[in-house]
There are 2 protein chains.
Amino acid sequence: MNKDKKPQENTILDIAEALKLSPATISRALNNHPHVKEKTKNDILKMAAQLGYRRNQMASGLRSNKTHTVGLIVPRISMFFHAEVITTIQNSLHKHGYNLIICQSNDLLTMEQELAEILYSSRVDALIVACTLQTTDFSHFNRLVDSGIPVIFYDRVPLDPYNATFIKGDDFRGGYLATSHLIETGGKRIAHISGKLTSNLYQDRTAGYRKAMEQHQLPINEDWVFHQELTHENAREAMSRMFEGPVVPDALFAANDVTAIAALEFAKENGIVVPDALKMIGYSNDPRTSIISPSLSTIEQHPDLVGKKIVEVLMDLLKNGHENAEVKAKPYVIPVDLIRRMSS
Amino acid sequence: MNKDKKPQENTILDIAEALKLSPATISRALNNHPHVKEKTKNDILKMAAQLGYRRNQMASGLRSNKTHTVGLIVPRISMFFHAEVITTIQNSLHKHGYNLIICQSNDLLTMEQELAEILYSSRVDALIVACTLQTTDFSHFNRLVDSGIPVIFYDRVPLDPYNATFIKGDDFRGGYLATSHLIETGGKRIAHISGKLTSNLYQDRTAGYRKAMEQHQLPINEDWVFHQELTHENAREAMSRMFEGPVVPDALFAANDVTAIAALEFAKENGIVVPDALKMIGYSNDPRTSIISPSLSTIEQHPDLVGKKIVEVLMDLLKNGHENAEVKAKPYVIPVDLIRRMSS
DNA sequence: TAAATTACTGAAAACGTTTTCATTTTATTG
DNA sequence: CAATAAAATGAAAACGTTTTCAGTAATTTA
């Protein structure tokens, strides 16, 4: 029965015909263009509703070169920080009448490159990217940038100057705060497990760590500073390496929460009492850190603020174009906060 | 300097001109249509690459009525189960050359309705939905269904018959497994905190609970069966209600992990020893359940299998149309598994 | 070698909007 | 009330593809 009923997509022409008006006027009314009489506009809107009209984005986008769609590339949506940022971005964009295409690179450079191509092909109005940890070359974004499509990097941003906008957390301050906190609670021999230095995140967090250590005139044992992929396994490996020696650390700053959690588990299994024998702090305020016992101190990155700022900057870019070179000159920095818990 | 360089989007016509061919042939070559000479095709592909050509999705979609884009509406991407499902879906769709527009309803019906409209407007080729807990009326999806766009519901599916495809976890079995497990480990007075019965999820999980109780001839104290929004606060409230009486439960089946975690915290704070005085089990295998101590038993829902099945069914639908009414008759059911941990 | 297939390519219309430019209607002014 | 300005509408082209239909080139068959 359902078959013979033709799908019957109502177009702008159907409205025009029903109202004896030209398609041009219908289009104007629907976009509430100023030059259309109030009464006509109301008639049109009413008829549009009645016919169940819905603008065809393809046609609209093709003609106007505006898709009202923003692309987003992120390593993984299941990472707590990103999930929160995305949620904020999406809800916020929705209010501005924009859609969001969310893509995951799985932290793979090749995937990121492919996705950039696809999103260009979809002619997104703008692109938001938290790039891969391996991404050091950004030429796959050139096409977007050259076509005048605003590109905003957040969290993981290019190290070299690049013609785009950057929004990042205050990772240096985060590293500094975390380390200072460990020192204040009595830490002297402070270890640090961090990510590869190809990423600004870990460069900055580590720099903050070094700064704090230096400021308090504490020596850094370079055997206790790790730059590795921040996996569960690597964290345990690093821990066992550190705790086999005669001298062991009395505090640990882990550059993310996954590592902190893994390290804490290692400590518990090996009779290292936290925080008495080992003070610990992580990074990101993953929900798990407040649930594990002892609860883990960590650094709050305020993903909601990051998301809000991204959309704010983006809307400005879309409205006013990115002529404002000065604005792009330096990154927007979102503050971080220390969260003290039982592990330190 | 960058300004005067015209963005220069290369189109199919540019390739045609460069090769002295017609746009029709170019189009065919790029879609590797059978009727184009091998050599010509190679020439075209080479030139396309050279010119940095990228198909304009808008134009293509407008003409062909195929967007190669699938819409997804989900309550929240930050819910572990959904995040995993989405990741699988996206990676899998990507292999098939499809894009995914992910939208969050924030578990709000009005938002879900808006999103359905928007995705219709974007002319997605198909729609995947995990609906809101409040969604009992599905008319906002009618437009899609009537237009012949495949709609697949997963996890939270319509209770009434509806002209779409369903993929769900085996919630009945999950409830049954969880409860049986509590009984086997010695539980006799088993409480159950569940969600509102407007959702199939909680209807089924609760039915499984009742079945197991009945089968073991254990009485159900209806004061210990809660149907409420599964928030942290509500869980604590329910717990305090149950544990103020003279007779208290010796086991608890929580219909999700958030509730189980909140209940476990309540227990720890109030000196109720888990599992000795209270055996517990949750639902979903949220990463937090393995980290909390004692670690929580729970039900694994295999989000990856759910995601895989969704794409498999979807591809079939897109290739063969959904003529196959029989296929849609009953839901696809994904198995669940019991995960035993220290809480039971 | 002519006739009949088959393989390949091209011309042109179509998809549903938006937008420029022209035209008509309405309001304002002297 | 005519003259002018302003407001509202319409005609038609354009956006970049895909696709139908027709036509030409290459191949096979009789």
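User: How closely do the axes of helix α8 and helix α9 of chain A approach, and at what angle do they cross?

Analyst: In this predicted model, the axes of α8 (residues 171–184) and α9 (residues 200–215) of chain A come within 7 Å and cross at roughly 40 degrees.

User: Why are α8(A) and α9(A) called oblique to each other?

Analyst: Angles under 35 degrees count as roughly parallel, and those from 65 to 115 as roughly perpendicular. The crossing angle here is roughly 40 degrees, and α8(A) and α9(A) are therefore oblique to each other. Their crossing is right-handed.

User: What makes the contact between α8(A) and α9(A), and which classes of residue does it have?

Analyst: From α8(A) the contributors include A:F172, A:Y176 and A:I183, while those from α9(A) include A:L201, A:Y209 and A:M213. By class, the contact has 8 nonpolar, 6 polar and 5 charged residues.

User: Where do these helices lie in the domain assignment of chain A, and how far apart are the centres of domain 1 and domain 3?

Analyst: The assignment gives domain 1 as 12–55, domain 2 as 67–169 + 303–334, and domain 3 as 171–300; α8 (171–184) and α9 (200–215) of chain A lie within the bounds of domain 3. The C-alpha centres of domain 1 and domain 3 of chain A are 62 Å apart.

User: Which residues come nearest to DNA strand C, and what makes them count as near?

Analyst: A residue counts as near a strand if its C-beta atom, placed from the backbone, lies within 6 Å of the strand. There are 28 residues around DNA strand C, of which A:I12, A:A24, A:S27, A:A59 and B:R63 come nearest. The elements that give two or more residues to this surface are α1, α2 and α4 of chain A, together with α2 and α4 of chain B. By class, the surface divides into 12 nonpolar, 10 polar and 6 charged residues.

User: Which residues come nearest to DNA strand D?

Analyst: Of the 28 residues around DNA strand D, these are A:R63, B:I12, B:A24, B:S27 and B:A59. Two or more residues each are given by α2 and α4 of chain A and by α1, α2 and α4 of chain B.

User: How many residues of chain A are in contact with chain B, and which element gives the most?

Analyst: In chain A, 42 residues are in contact with 42 residues of chain B. The elements of chain A that give two or more residues to this side are α4, α5, β2, α6 and α7, and α5(A) gives the most, with 6 residues. By class, this side of chain A has 15 nonpolar, 17 polar and 10 charged residues.

How values were computed: Residues are numbered from 1 along each chain as its sequence is written. Chains are lettered from A and ligands numbered from 1 in the order in which they are written. This is a predicted model: local features need pLDDT of at least 70, side-chain atom pairs count only at pLDDT 80 or more; totals for chains, interfaces and linings use all residues. Axes are lines fitted to C-alpha atoms, for helices over the stretch in contact, and angles run from 0 to 180 degrees between N-to-C directions. Helices (H or I, at least four residues) and strands (E, at least two) are DSSP runs, numbered from the N terminus. Angles under 35 degrees count as roughly parallel, over 145 as roughly antiparallel, 65 to 115 as roughly perpendicular and the rest as oblique. A crossing is left-handed if the near helix is turned anticlockwise from the far one by less than a right angle, and right-handed if clockwise. Two residues are in contact if their C-beta atoms, placed from the backbone, lie within 7 Å. Ala, Val, Leu, Ile, Met, Phe, Trp, Tyr, Cys and Pro count as nonpolar, Asp, Glu, Lys and Arg as charged, and the others, Gly among them, as polar. Domain bounds come from an automatic or database domain assignment.
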